[in-house]
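Please read the following account with the sequence and the model side by side, and locate each residue as it is named.

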Amino acid sequence: QVQLVESGGGLVQAGGSLRLSCAASGIILSINTMGWYRQPPGKQRELVATITSGGSTNYADSVKGRFTISRDNAKNTVWLQMNSLKPEDTAVYYCNARVMITITGVMRDYWGQGTQVTVSS
């Protein structure tokens, strides 16, 4: 079993910054992609940013230039640095990891419990 533990959410004023972290633990052969998703109030979950084990990144257009995703493969940890936060960034943020769970290459997606980010205007 794999667990993802997130931290770093909270309340911040518009224009401020927050840094989210997510650490994966358990039986992990390797982790392919790690990422952050968010679910604003009353809306569906959406992609924020992803990063591969090789360091390739992908961002939602709404956060490009403001958010930065990074990871430490040795520590199975991913971070999301969020700058210039806007009220529309308010959401529950979820960590995701695509984990290889068998030596034959079976992959499985795991999710964190979510952390609330609230940006006041």
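In this predicted model, Trp-111 has a relative accessible area of 38%, and because that value lies between the 20% under which a residue is called buried and the 50% over which it is called exposed, Trp-111 counts as partly exposed. Its ring takes part in an aromatic pair with Tyr-37, and the arrangement of the two rings is edge-to-face, with 5.1 Å from centre to centre and 65 degrees between the planes. The search for such contacts returns one aromatic pair. Tyr-37 belongs to strand E4, which covers residues 30-39, whereas Trp-111 belongs to strand E10, so the contact ties together parts of the chain that are 74 residues apart in sequence. Tyr-37, with a relative accessibility of 21%, is likewise counted as partly exposed.

The ring of Trp-111 has a further neighbour, for Arg-45 lies over its face at 4.7 Å from the ring centre. Arg-45 also lies over the face of Tyr-94, where the distance to the ring centre is 3.8 Å.

From these rings we can turn to the charged side chains. Side chains of opposite charge can pair when their charged atoms come close. How many salt bridges does a search of the whole structure find? The search finds five, and three residue pairs among them are followed here.

One of these salt bridges joins the side chains of Asp-109 and Arg-98, with 2.7 Å from N to O. Asp-109 lies in strand E10, made up of residues 107-111, and Arg-98 lies in strand E9, so this pair ties together parts that are 11 residues apart in sequence. Both partners have some access to the surroundings: Asp-109 is partly exposed at 32% relative accessibility, and Arg-98 is partly exposed with a relative accessible area of 38%.

Another salt bridge is made by the side chains of Arg-66 and Asp-89, again with an N to O distance of 2.7 Å. Here the partners sit in loops, Arg-66 in the one between strand E6 (57-59) and E7 and Asp-89 in the one between E8 and E9, so that the pair ties together parts 23 residues apart in sequence. Arg-66 is buried, its relative accessible area being 10%, and Asp-89 is buried as well, with a value of 1%.

The side chains of Arg-38 and Glu-46 also meet in a salt bridge, for which the N to O distance is 2.7 Å. Are these two partners buried or partly exposed? Arg-38 is buried, with a relative accessible area of 5%, while Glu-46 is partly exposed, with a relative accessible area of 32%.

The next point concerns the way strands are arranged beside one another. Four strands form an open sheet in the order E1-E3-E8-E7, and their pairing is antiparallel. The edges of this sheet are E1 and strand E7, residues 67-72, each of which pairs on one side only. On average, and with direction ignored, neighbouring strands of the sheet are turned by 15 degrees against each other.

Within the sheet, strand E1, which covers residues 2-7, runs antiparallel to E3 and is joined to it by six bridges. As an example of this pairing, Gln-3 has Ser-25 in E3 as its bridge partner. Strand E3 is also paired in the antiparallel sense with strand E8, residues 77-82, over six bridges, and Ser-21 stands opposite Trp-79 in E8.

Strand E3 leads, finally, to a covalent link. Which residues does the disulfide join? The disulfide joins Cys-22 to Cys-95, with 2.1 Å from S to S, and the count for the model comes to one disulfide. This link connects distant parts of the chain, since Cys-22 is found in strand E3 (residues 18-26) and Cys-95 in strand E9 (residues 91-100), 73 residues apart. The torsion about the S-S bond of Cys-22 and Cys-95 is about -80 degrees, and the disulfide is therefore left-handed. Cys-22, at 1% relative accessibility, counts as buried, and Cys-95 is buried with a relative accessible area of 0%.

Key. Residues numbered from 1 in each chain as written. Predicted model: local features only at pLDDT ≥ 70, side-chain atom pairs only at ≥ 80, totals over all residues. Heavy atoms only, no water. Disulfide = S-S within 2.5 Å. Helix = DSSP H or I, 4+ residues; strand = E, 2+ residues; numbered from the N terminus. Buried < 20%, exposed > 50% of the residue type's maximum accessible area, 1.4 Å probe, protein only. Pairing = 2+ DSSP bridges. Axes fitted to C-alpha atoms, helices over the stretch in contact; angles between N-to-C directions. Salt bridge = Lys/Arg side-chain N within 4 Å of Asp/Glu carboxyl O. Phe/Tyr/Trp six-rings, centres within 6.5 Å; stacked < 30°, edge-to-face > 60°. Lys NZ or Arg CZ within 6 Å of the ring centre and 35° of its normal.
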